[in-house]
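Reader: I would like to learn how to read a sheet in a protein model, going from one pair of residues up to the whole arrangement. Could we take it step by step?

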Amino acid sequence: KENMMSKKKVLVTGLAGKIGSIIRNNLSSKYELSGLDLRDVPGYPTVVANLSDYGNMSEAFEGIDTVVHLAADANHQGTWESNLEHNIIGTRNVYEAARTCGAQRVIFASSNHAVGFYPLKDNPYKQVYNGDFENLRQPLQPLTTKVIRPDGYYGVSKAFGESLGSYFHDEYGLSVICIRIGWVMEPDDPTFAPAALSLWMSHRDTAKIIEKSVDAPDSVGYSIVYGMSNNTYGIWDLEPGQRVIGYDPEDNAGTFWEKQMGKNSVMHSGDPQKS
């Protein structure tokens, strides 16, 4: 029986959040979880600090094997000021604290918004987001992990986090896996928008990709993978995730959607807000 001594010590920034709760619900028996968040997470050792405050946040990294970096201003239309503080300075602080404290790996929650202008501007990806499935030419060429085309300051901050991870791997030997997360939703049902049918990552697949990233071989130095379910209208290249970390998504959003009250069925770019 696995005891606490042999469990990996996994720090989750944003443990109180949506994906953090999926990790708590599915992986708390496998790993020794702790949190770094703006509020306490009952039942888990939590350092309460802002990511941009290096002096206070860095203590959370002592003795940690793997960091899952989820915490961010998640508004994909967020301002430059907020992205700078939380998603750029904060992400640099996470990498630096992980390196300084001897963590072996950082799993960085990147985003589909790092390539968001492809489906907002270019067919056939735009046809998928608009639900123009009848005129869609199949099979389409999926978007690779090599491309970057951010749709706002948020997407820029995620591309920055990927780039910084590459640097910290090459310069310091830190293992970094960047997951370009699609859309993890509550409730876990993507049938309200065509874009959601493409972007959906089920809660089950979310727990799976985090687990596969934590347990990936030490030989995985730096990699970018897409975090979506195995969706019929997926426009993302899931092969690197399968090959590099063994992520084989189980769920599929299907092909049916209908407009729902109070839910936006159209994706917009992250137009910088006027300050």
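Reader: In β2, which residue is the bridge partner of L11?

Author: In this predicted model, L11 has S34 in β2 as its bridge partner. That pair belongs to a wider pattern, since strand β1 and strand β2 (residues 32-37) run parallel and are joined by five bridges.

Reader: In what sense do β1 and β4 pair, and over how many bridges?

Author: Strand β1 (residues 9-13) pairs with β4 in the parallel sense, over four bridges, and within β4 it is V68 that stands opposite V12.

Reader: Which residue in β5 stands opposite V67?

Author: V67 stands opposite V106 in β5, and β4 and strand β5 (residues 105-111) run parallel, with four bridges joining them. Between these two strands the chain passes through helix α3 (residues 80-101), in a β-α-β crossover that is right-handed.

Reader: Are the residues on the two faces of β4 buried or exposed?

Author: Buried here means under 20% relative accessible area. In strand β4 (residues 66-69), T66 and V68 on one side and V67 and H69 on the other are all buried, so that both faces are covered.

Reader: What is the order of the strands in the open sheet?

Author: The seven strands follow the order β3-β2-β1-β4-β5-β6-β7, with parallel pairing. Because β3 (46-48) and β7 (222-227) stand at the edges with a single partner strand each, one side of each has no neighbour in the sheet. From one strand to the next, the twist averages 20°.

Reader: Which strands does helix α6 touch?

Author: Helix α6 (residues 153-172) packs on the sheet and touches β5, β6 (175-181) and β7, while its direction makes about 155° with that of β5.

How values were computed. Residues are numbered from 1 along each chain as its sequence is written. This is a predicted model: local features need pLDDT of at least 70, side-chain atom pairs count only at pLDDT 80 or more; totals for chains, interfaces and linings use all residues. Side-chain values use heavy atoms; hydrogens and water are left out. Buried means under 20% relative accessible area, exposed over 50%, partly exposed in between (1.4 Å probe, protein chains only). Two strands pair if DSSP finds at least two bridges between them. A crossover is right-handed if, with the strands pointing away from the viewer, the path from the first strand over the helix to the second runs clockwise. Axes are lines fitted to C-alpha atoms, for helices over the stretch in contact, and angles run from 0 to 180 degrees between N-to-C directions. Contact means heavy atoms within 4.5 Å.
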